[in-house]
Amino acid sequence: MKKLTLTVSSFAAMVLSATMATTTHAGNDVDYTKMSSKELAEHLLFNTGSFKLDQPVQEGGTAKARLVQDETQKLCTEFRGQRPDADTAAKVSQMARETIKYPEGGIKLGDWKIGRELAWSGFGYRVGHKNDDHSKAANGPGGNCYNCHQLATDRTGGNLGPSLTGYGKLRGNSEAIQKYTYDVIYNAHSLFACTNMPRMGASGVLSQEQIGHIMAYLLDPESPVNK
Amino acid sequence: MSVRTYVLLLSALALGSAQASSDFTDMAPEEILERLIEDSGSAYLGQSPQNRQMMPDNPAYWVAEEGEELFSTPRGPKNVSLEGCDFGKGPGVLEGAYVELPRYFEDTGKVMDLETRLVHCMTTLQGFDKKDPAVKKRHGSGSDMMKLQAYIAMQSNGMAWNPPMDHPMEKAMRDAGEEIFYRRAGPMDFSCQTCHGTTGQRIRASVLPNINEPHEWTKAISWPAERAGHQNVRSTQHRVRGCLWQMRHPGIVAGSDASIALISYWTDAARGQPAILPDLKR
């Protein structure tokens, strides 16, 4: 009985000090000036109550997982947007290629009209003060392609990525082009290591079906992208 | 033209030429912006002639007027004004205080920005509870917080961004903020650098500021500013929150140490450039 009481009270003490550690101000128990900048950054992100880490997120689980970096993010962070060295590039590309999952029965182009809406829509996966409710999106969360790319000329696209106007017209519709296009959308690092482009398929932002629709928007001769 | 512009024009004529002066503190926000555009030809700075035209009639001025009144009014359970609040240059000193934030404060042992410092003074000097709407409500032109921030920040218009970097805590926070700025994370692998690391980058129709170009970055961080599309005056913390939301990162807590680290870094990046306060943005 005595042993049990000790365990309970020391557990309570642990919980209490853990709570205190996350709410005390800088300098009270953790000296910010004694940490490296990287250590302090990680500490600020995870241990100081600076983020709503317990908030549920659309992909399941909590927001904390979004701040945990995977290998690709860790490697590419070092280059701050510049091109990685050849060894890192090879490693990142290889890792990326291994993530690519092709649809059962092979790559098929979907409906370019749905692809057009998905390319325009920036809805999805936002959390914090306003959570995107994915049940409200008829075709699922969007790919937000227009944010970074110019596509059809009836809408304004960004220039963080290359222009995709006339994408299919320029390249044709061969199996090789379809595979290439699928690979870039699914995990662009497979071809462009440490690219700024999100890993639409590998990170689960877009489903294989959605990628098929966006591919149609890019490759179908009837799509406004190719008119 | 507005009365204010007329008066400025008269004094410019009287002094000889506002154009010849390199003292940005004599210039209205839109004049500072025009000068920066002339000198740089920046696509980011020059992207909205319409917004520049609206600046003399910036609704932020009315919000700041209310802030001026709030500042000197005795309020809260302790019934004192904010004139005793030290924003880094001594109690009640507002001229140039904003461009020297964030900074380390001995009395709290923390690096603080304007918002956290205001919360501190409202709760300690004036005795407001943290949960009182006067303190808790951070967003919207109707909030005490935005009125006070707009007023206080304006007192640094045209002054060079100059956050102190002498204290080890100031350096630590700034450096951690730099790591956070470049840290790729989330389902989109975005860091701040993804959008803000190259000149002339555009998200859809909006040209983005490049943190490596101080003349662009000074406008980028000139908050409080009227967001024309929101019809509200917005704060620095509001901008941080908005960015992280679009980046698909977790929600950040207002005034948290991570937010201060980021703000420390990005204020240091604009060092030496004239602040444009209040600004008017899309």
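So, confidence to start with: this is a predicted model, and chain B comes out with a mean pLDDT of 94, with 92% of its residues at 70 or more. There's one stretch to flag, though. Residues 16-21 of chain B have a pLDDT below 50, and beyond near neighbours in sequence that stretch has six contacts in the model. For the complex, the predictor gives an ipTM of 0.91 and a pTM of 0.90.

Okay, chain A next. Chain A has 10 helices and zero strands, so if you read along its sequence you just get α-α-α-α-α-α-α-α-α-α. Of the 227 residues in chain A, 35% are buried. And if you take the contacts in chain A between residues at least 6 apart in sequence, 56% of them join residues at least 24 apart.

One residue to click on in chain A is A:Arg80. Its phi is near 50°, which is a positive value in a residue other than glycine. You'll find A:Arg80 in the loop between α4 and α5 (86-99) of chain A. Is A:Arg80 buried or exposed? Somewhere in between: A:Arg80 counts as partly exposed, because it has 15 C-beta neighbours inside 10 Å.

Now, how do the two chains meet? Here 46 residues of chain A are in contact with 44 residues of chain B. On the chain A side, α2 (37-47), α3 (64-67), α4 (71-77) and α7 (145-148) each supply at least two residues. The largest share there comes from α2(A), with six residues. Sorted by class, the side of chain A that touches chain B has 17 nonpolar, 22 polar and seven charged residues.

Let's go inside. In soluble globular proteins, nonpolar side chains tend to be buried together. In this model, the largest nonpolar core has 82 residues, and the ones touching the most other members are B:Ala150, B:Ile152, B:Met173, B:Ala176, B:Ala258, B:Ala261 and B:Leu262. Which helix gives the most to this core? That's helix α7 (residues 144-154) of chain B, with eight residues. There's also a second, separate core of 27 residues, and its members include A:Ala119, A:Ala202, A:Ile211 and A:Leu219.

If you want one core residue to look at, pick B:Leu262. Leaving aside neighbours within four places in sequence, B:Leu262 is in contact with B:Gly177, B:Ile180, B:Phe181 and B:Val240.

Back to α7(B) for a second. How many of its residues are buried? It's 11 of the 11, so this helix is largely enclosed by the rest of the structure. The buried ones include B:Asp144 and B:Lys147 as well as B:Leu148 and B:Ile152. Among the elements covering the buried residues of α7(B) are α4 (60-72), α5 (114-124), α6 (133-136) and β6 of chain B.

That brings us to strands. Chain B has an open sheet of three strands, in the order β6-β5-β7, with mixed pairing. Its edge strands are β6 (232-234) and β7 (279-281), and each pairs on one side only. From one strand to the next, the twist averages 35°. Strand β5 (residues 225-227) runs parallel to β7(B), and three bridges join the two. To see that pairing, look at B:Ala225, which stands opposite B:Asp279 in β7(B).

Next, the cis peptide bonds. One joins B:Trp223 and B:Pro224, with omega about 5°, and B:Pro224 is in the loop between α10 (214-220) and β5 of chain B. Another goes from B:Leu277 to B:Pro278, with omega near -5°. B:Pro278 lies in the loop between α12 (257-268) and β7 of chain B.

Last, a couple of aspartates in loops of chain B. B:Asp189 has a phi near 60°, again a positive value in a residue other than glycine. B:Asp189 is in the loop between α8 (168-182) and α9 (192-196). B:Asp189 is buried, because 25 other C-beta atoms lie within 10 Å. Then there's B:Asp86, in the loop between α4 and β1 (103-105) of chain B. B:Asp86 has 17 other C-beta atoms within 10 Å, so this one is partly exposed. And B:Asp86 and B:Asp113, 27 residues apart in sequence, sit 12 Å apart in space, C-alpha to C-alpha.

Notes. Residues numbered from 1 in each chain as written. Chains lettered and ligands numbered in written order. Predicted model: local features only at pLDDT ≥ 70, side-chain atom pairs only at ≥ 80, totals over all residues. pLDDT = per-residue confidence, 0-100. Contact = placed C-beta atoms within 7 Å. Core = buried A, V, L, I, M, F, W, Y, C linked by C-beta atoms within 7 Å. Buried ≥ 20, exposed ≤ 12 C-beta atoms within 10 Å, placed from the backbone. Helix = DSSP H or I, 4+ residues; strand = E, 2+ residues; numbered from the N terminus. Nonpolar A, V, L, I, M, F, W, Y, C, P; charged D, E, K, R; others polar. Pairing = 2+ DSSP bridges. Axes fitted to C-alpha atoms, helices over the stretch in contact; angles between N-to-C directions.
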